[in-house]
Amino acid sequence: MKARRFLLFVVLVAAIAGGWYWQRFQSFADAPLAGVGEDASLVVERGDNLDKVLRTLQAQGIATGDRAYWQLLARQTGAAGKLQVGEYALPADVSPGALLRAMRDGKVVRRNFTIVEGWNIRDLRAALRKVPLLQQQIADMDDAALMRALGHAGQHPEGRFLPETYAWVRGDADLDVLKRAYSAMDKALDEAWKSRDPDLPLDSRDQALALASIVEKETGVGDERAQIAGVFVRRLKTGMRLQTDPTVIYGMGSNYAGNIRRTDLTTDTPYNTYTRDGLPPTPIAMPGKAALHAATHPAPGDALYFVAVGDGSGRHVFSASLDAHNSAVRDYVQRYRAQRQAERAGATQK
């Protein structure tokens, strides 16, 4: 009888101890980790195990608690032996359970890099150089080496990267981002070319890309892109020179100081569409999908000229005749001069 009572006592003590331990374990699993700083993150390297992760957390001043609890929790969550490489966010309320599940599922920190419509390759390279934590692999590559690294030796890089936002993770390199952007542009250009309007005066996808890049630089007003493209398509059909300033600017390279002089328009370069017929030899910028669509689906009409309205809207006046265009240009010059006079008057009053 005494032995039976003792056994019951032992079972009761064990149950109480087990319940106490389980309650503490559950509290550990769900409670926020202490010592997590602002914008903290955890980097799991290849070959890291749970003990290495705990040491990394401790080195960051984070209190990890009982190692045995972590081991039990790792088995319970299925994270034991399955921690994935990458960077993991550590919000202030992160718990051991939430962190282990994130490392089990590979929910790494994703950052974004945006290629802006109208950027040229120099702009794109400069922007990539400024991205913290993104590995720099292309800094010492010239354009030819860059395209070889991308698997497209001999191709000019201008216009070949689609303006969009690309997600990347720690450990990625600038070359990885460019590979995705190149593939995205190749797909978008292919779709635009296959659905193009009939009778376009364009012989290839590359010519469509070059025209789209000009459209992109000529206007930021969405509903004007097809009209702009229409003007250039009609000029190509009739043998008129495109006479578009953005190509002149591109051809000037680092010599461009913010404005175009008359001598710049008459100085011949491969990109000067005032001195040369047809499209420039390469794109002059990165066109977005809307510009690609406009270049391959230009608006119908009879306009052969356009000039900025000059009212700050970014819009243009389209004309079918040179006389009408010259009149629109005079209106633009008058608005421009009136605006400059108003600005100078305002500056004098301050």
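Helices here are DSSP runs of H or I at least four residues long, numbered from the N terminus, and in this predicted model the run called helix 4 covers residues 96-105. Helix 4 is followed by Gly-106, a residue whose phi is positive, near 70°. Within helix 4 itself, the buried residues are Pro-96, Gly-97, Leu-99, Leu-100, Ala-102 and Met-103. An α-helix has 3.6 residues a turn, so residues three or four places apart point the same way.

From this helix the reader may turn to the nonpolar interior. The largest nonpolar core has 54 residues, and those that touch the most other members are Phe-113, Leu-124, Phe-161, Leu-178, Leu-202, Leu-211 and Leu-292. Two or more residues of this core come from each of helix 5 (121-129), helix 6 (143-149), strand 4 (165-169), helix 7, helix 8 (205-218), helix 9 (225-238) and helix 12, and it is helix 7 that gives the most, with 11 residues. A second, separate core of 27 residues includes Leu-42, Tyr-69, Leu-99 and Val-108; Leu-99 is also one of the buried residues of helix 4.

Phe-113, in the largest core, can be followed through its surroundings. Once neighbours within four places in sequence are left aside, Phe-113 is in contact with Trp-119, Leu-124, Ala-127, Leu-128 and Val-131, and also with Glu-164, Thr-165, Tyr-166, Trp-168 and Val-177.

Helix 7 reappears where empty space is concerned. Rolling a probe the size of a water molecule over the atoms shows where empty space is left. The count comes to one cavity of 30 Å³ or more, and the largest cavity holds about 40 Å³ of space. Its lining consists of Arg-160, Tyr-182, Met-185, Asp-186, Leu-189 and Arg-205, and the largest share of that lining, four residues, comes from helix 7 (residues 174-194). By class, the lining has three nonpolar and three charged residues, with no polar ones.

A last stop is His-297, which lies in the loop between helix 12 (289-296) and strand 5 (305-308). His-297 counts as buried because its relative accessibility is 17%, where the cut-off is under 20%. A polar atom of the His-297 side chain lies 2.7 Å from the backbone oxygen of Ser-195, and the same side chain makes a polar contact with the side chain of Thr-296 (3.1 Å). Apart from neighbours within four places in sequence, His-297 is in contact with Ala-192, Ser-195, Arg-196, Asp-197 and Ala-226.

Notes: Residues are numbered from 1 along each chain as its sequence is written. This is a predicted model: local features need pLDDT of at least 70, side-chain atom pairs count only at pLDDT 80 or more; totals for chains, interfaces and linings use all residues. Side-chain values use heavy atoms; hydrogens and water are left out. Buried means under 20% relative accessible area, exposed over 50%, partly exposed in between (1.4 Å probe, protein chains only). A polar contact is a pair of N or O atoms within 3.5 Å; within protein, one must be able to donate a hydrogen and the other to accept it, and residues adjacent in sequence count only if both atoms are side-chain atoms. Contact means heavy atoms within 4.5 Å. On a 1 Å grid over the protein atoms alone, a cavity is a set of points where a 1.4 Å probe fits but cannot get out, and a pocket is an open set with protein on both sides within 12 Å along at least five of seven lines; lining residues have an atom within 4 Å of a point. Grid points are joined across faces, edges and corners, and a volume is the space filled by probe spheres set on the points. Ala, Val, Leu, Ile, Met, Phe, Trp, Tyr, Cys and Pro count as nonpolar, Asp, Glu, Lys and Arg as charged, and the others, Gly among them, as polar. A nonpolar core is a set of buried Ala, Val, Leu, Ile, Met, Phe, Trp, Tyr and Cys residues joined through side-chain atoms within 4.5 Å.
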